[in-house]
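Colleague: Please walk me through reading a few features here. I would like the general idea, then the case.

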Amino acid sequence: MLPSKRAGGGEVVIEEDGPICSATESLSKKPRLDSVASSAATAASSANTGNAKSTSNPTTTIITNNHGSGNVESPIMTLGNGKSQDIDEDLHSRQLAVYGRETMRRLFASNILVSGMQGLGAEIAKNLILAGVKSVTLHDMGVVELWDLSSNFVFTEDDVGKNRALASVQKLQELNNSVVISTLTTELTKERLSDFQAVVFTDLSLEKAIEFDEYCHNHQPPIAFIKSEVRGLFGSVFCDFGPEFMVLDVDGEDPHTGIIASISNDNPALVACVDDERLEFQDGDLVVFSEVQGMTELNDGKPRKVTNARPYSFQIEEDTTKYGSYVKAGIVTQVKQPKVLKFKPFRDALKDPGDFLLSDFSKFDRPPLLHLAFQALDKFISELGRFPVAGSEEDAQKLISLVASINGGLSDGRLEEINQKILRHFAFGARAVLNPMAAMFGGIVGQEVVKACSGKFHPLFQFFYFDSVESLPTEPLDPNDLKPLNSRYDAQISVFGSKLQKKLEDANVFVVGSGALGCEFLKNLALMGVSSREKGRLTITDDDVIEKSNLSRQFLFRDWNIGQAKSMVAASAAALINPHLNIEALQNRASPETESVFNDTFWENLRVVINALDNVNARLYIDSRCLYFQKPLLESGTLGAKCNTQMVIPHLTENYGASRDPPEKQAPMCTVHSFPHNIDHCLTWARSEFEGLLEKTPTEVNAYLRNPKEYTSAMKNAGDAQAKDNLERILECLDRERCTEFQDCITWARLKFEDYFVNRVKQLTFTFPEDATTSNGTPFWSAPKRFPLPLQFSTDDVSHLQFIMAASFLRAEIFGIPVPDWVKSPKKLADAVSNAIVPNFQPKEDVKIETDEKATNIPPPSVDDALVIDELIMKLENCQQQLLPGFRMNPIQFEKDDDTNYHMDLIAGLANMRARNYGIPEVDKLKAKFIAGRIIPAIATSTALATGLVCLELYKVLDGGHKLEDYRNSFANLALPLFSIAEPVPPKVIKHQGMSWSVWDRWILKDNPTLRELLEWLQNKGLNAYSISYGSCLLYNSMFPRHRERMDKKLVDLAREVGKAELPPYRRHLDVVVACEDDEDNDIDIPQISIYFR
C-alpha cells in the first residue's frame, strides 16, 4: 500500500545484476489479463443512466487472475490491476483530475524500464516518477561526461566519471519516495524485459531495437516498447504496444450530454434538445437515453447510433413510429467506446511506416526524410563507432550518402529529392542532446508510457518525427565556432556555436511565476546556461507558497519545502543544477501595485520575458508591459493533457491580448438557486452557501462588533436591500441561531438540512406545482427545468449523517466551540440529532421566487428598507448586550486541499442532497472538489512539452534577426495525440502619409515638452490633435477655449495640476492618450505617447 505521506518507504535499490527488488519487498510480477469484458453493448448497458442516486458509471470491467497463472486467453496487452495501493488525493489531486482513480491505480501497479540516462532518459524518468508509477528501473552502462551537463538536470560536475544510472538515482528518488527506483549497469538481455509493463530506450541501435521489440511484441501479454531519440534539433519516437492494444478512453473527455426537448415518432427518429448548450455529438457516436417520459422504450440502456448531428438536434437509427409518444424530460448521454489498435513490430514498421504523425504542416515532407536520416545515423555509428563531428563536411557527406543509399534501396516510398541542407544540420548536431528537445520529448514519451500502462488516451501510432532547424542562428555557422570548449555547454555549442552561447549567458531574463511551468523553465534555463555570466541576470518572482498538491508536478520542490516561498526554493534548486546561474528571486506579484519594484529601469534592461502564469488577468498585465517596453514575451499554458505556446515578438507578431477566448458561460442566478439541472449548478450553489454561512456572515458580525456605532451608521446611510440583508444575517447569527455548545451546532445543522432540502422544495413546488403553466400556456416544468421532491431526513442514511457532522463541525469552529470525541460515533451522533426539535413547515402564499434568467442577486431598493433597518439596529443593540466581552467569530475561508478540515465534506453534502432533490446524478467528494474548488487539471508531461517548445523559441529570440516565418506558436493535446505548430499572426499595421505603426509602437517626446510643443510635433506628422487625456482626466480639448490658456504649460505640470498625478521619484515619464484626425477630418488611431520629464 502506498504511504499516505510522501516521505518514507520506497527505498532506493542499486544493483548490477540479479533480481530487482526493494529493501522491504520484491516487486510483484506483472499481472496477466485473463479477459477484458468489454464490448459496445456491455459498455453501454453499464453506463450511468442518470439515476439520481447513482455515483459511478463503469463502462469496462477488467478481470485479472493471480500472478501464478500462466493461462492467457486474450492477446490484448495487460493493464496494471491497481488494487494494491491507495491514492494520496492531497498530493495527486490535479493529476487525478486528468486521469481518474482507475488510471492512477493502474499506474501505481506498473513497473517501467528507462534505458539511456542522458538528458532524454532523465526527463522521461522524472515525469514517470512524478506520475507515481510503482517502480522505475534506470539502465545505462556509460559514464557521465561534461558533455551530458547540457541536458541532464540530475548531474553535476562532481558526477563526471560515474555511471549515469547510479549518478541519477538519488536525485530522482527525491521526487517521489513512493516509487521504487533501482538501477541496472550491465548489458541488458531481452529476457530481462519481462519484468516490466513498458520499456523505453533512448540510446539503442536499430539491430538491438528490432531484437528487443520482437521479444516485447510476441511476449504474453505484450510489453509496451518505446524507442525515442533526440539528436540536436531533431527527435523521433516509435511506439509498439503489441499486436492488439485496447484503448479504454481515446480522448479523456467527459461523455457529452444533452437535455431532450422532443423526440419524433419517425424512422429515423429526430431528437431535439434544448438550446441551453450546443450538442457535441458527431455522426457515428453511440448514445443512451434516460428519464424519458412517454417514449419510455428508449430508457432501456441500449446504445443507439447518432446520425445527421446538428448543433441542437440529431437523428438515431431507430424506428420509433410504434413507440409511445414523447411527453417530456429525458437525458441523452454519449457512450465512449473502447478501441483496439494493432501495432506493427519495429522491423516491419521500419520498412513500411505508414502515416507519420505530423506536427508542422509547413514541413509535411520532413518526416519521410528524417525516417531515413535516423536509419543512416545508426549505420554511420555502426560503421565508424562514433557520431558525426559537428562542422565536419566529410562526416555530413558520409551521412548524406548513407541516406541516399537507403533511399535507393526502397521499392515503395522512395523520396524523389533529398534535402541535403537539412541532413547537414542533422549530421552536425547528431551527438548533442539539447535540453529543450529532451524536455519536449520527455513529456511526449512519458505520456505514451502512461497510455501503455493504463489504456487511458490514444497512443502515438507509430512514428513521430520533429525538428526545429529554425532555432539555428540566422547567420551561417563557422565550423570552428562549433568546437568544444571543455565546458558544460559543449553539446549546445556543437549545435548553435559559441557566439550564441555567449548571448544566452549574457541575457537579462524575467520569469513570471514559479509553479509547474516556472520550475520546468528554471531547470531548462539553468541547463542552457541562460544568465550564467556576470552580465546576465535571471529574475523570477512569485508571491505564492508551496503546498502539498504542488509536489506531483512542480518538481523543484520537496516535502520539507511546504509552506516556503516558491520563488526562493525554485531559485535555490536551479542554482544547484547550474552553480553559475546568476538568479534573483522575488516574492512580489507583478501588478500595477508593484511598479515601484518592477520599474521602468527594470523593464528597459530586460532582454526577454517568460510567462509561467496560471490566470488570464496576470498574463494580460505582463503582455501590456511587454508591449509598452517592446520586449519579447514567451507565453505558454497547460490544461490537463493539452498545452499551448505563443510567441509575442515586438513588431513581428500580434500581442497576447489581441485575441481573447470567449468568457465562460455563467448559469443564471435563478437556475442555480431554484432550477438546477446538472451537478455543476448544485456545486456552485453549495460553494456560495458555504461562503455565505461560514465566511461572509461571520466577517460581517466581526465588522459590527468591532465598532457597532460606525457599522450601523454606514448601514443607515446605505439604506438599501443589501444593508438590510447584512443586518438580518448578523442578527440571525447572534440571536436566533447563536450556538453556545456543540448540541446547538448539531441542532443548527439539522434545521439547515430541513430548510435546504425539505422546506424550500415544498415552497417551490407549492408556488409552481408540477402541472403549472407559463403565461403563454406551456408547461412551467419544461426542459431543462427538473421538478424537485423534498427529502425525508433519516439517521439511517449515512449521507445525511455525514452532512450533519460536517456542518456541525464547521459551525462549532466559527463559534469557537470544542468538538467532543463522541460525535464521530454514528450512533451517538444519530442520538444527538434526534434531540433536535424540527418545527412543522407550511408553504406560504404569494412567495416571490425569481424565474427571470437576467435577474441579479441584489433586489431593487424598497421604501420600507429604511424602517426595517432602524428596527434591526435596535434588536442588534439588545442582542449585543448579552454577548461575552470581546466575543468574536472565526470566519472560515474555503480551503479545498485539506481533506481533514470538513470543507469539501460540507460542500459535497450540500450539492449531493440538492442533486437528490432534483434527480441529478450525485458525485463523490473528489469530483466535487474538482468542480467546486475550480481545480485546473495538470500533469507533468504537458508542462514539460510546453516549456521545451518555448525554450526552442528562446534560442531565436536571444540570437536576434529571425523573421516572422521562423517563429512557431503551438497547440498540443497529448491525449489524442495532436500537434499543431504554425507561424504566429503578424500585428495589424496602420498607415498614414508614408508612416506606419502597430500596437507595438510608442511615440516618445523627451526634454519635458509643453502642450504647444506636443501639438506642433503632431502637426508635423499631418495629425491634428483635438483631445489629450492623462488617465481619466482631460488635459486638452480643442472645443474648450479656456484650454488654450494651457498651451505653454509643461505637460507634466498639467498632469499634476489638472490630473492630480502623483509621480514617484522612480518615474521618469508619463503617458498621454491623444485623439487625432487628418486634414480631411478622418479619425486616426495613433500610438500612446510617452512624455519624458526627467
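Modeller: Leucine 976 counts as partly exposed, because its relative accessibility is 36%; buried means under 20% relative accessible area, exposed over 50%, and partly exposed lies in between (1.4 Å probe, protein chains only). This is a predicted model: local features need pLDDT of at least 70, side-chain atom pairs count only at pLDDT 80 or more, and totals for chains, interfaces and linings use all residues. Residues are numbered from 1 along each chain as its sequence is written, and side-chain values use heavy atoms, without hydrogens and water.

Colleague: Where is leucine 976 found?

Modeller: Leucine 976 sits in the loop between β25 (969-973) and β26 (978-982). Strands are DSSP runs (E, at least two residues) and helices likewise (H or I, at least four), numbered from the N terminus.

Colleague: Which residues form a nonpolar patch on the surface with Leu976?

Modeller: Phe971 and Leu978 join Leu976, with about 230 Å² of accessible area together. Patch residues have over 30% relative accessible area and no salt bridge; nonpolar side chains (Val, Leu, Ile, Met, Phe, Trp, Tyr) are joined within 5 Å, like charges within 9 Å. A salt bridge is a side-chain nitrogen of Lys or Arg within 4 Å of a carboxyl oxygen of Asp or Glu. Areas come from the Shrake-Rupley method with a 1.4 Å probe; for residues, only the protein chains shown count as cover.

Colleague: Is cysteine 670 buried or exposed?

Modeller: Cysteine 670 is buried, because its relative accessible area is 3%. Cysteine 670 lies in helix α18 (residues 669-674).
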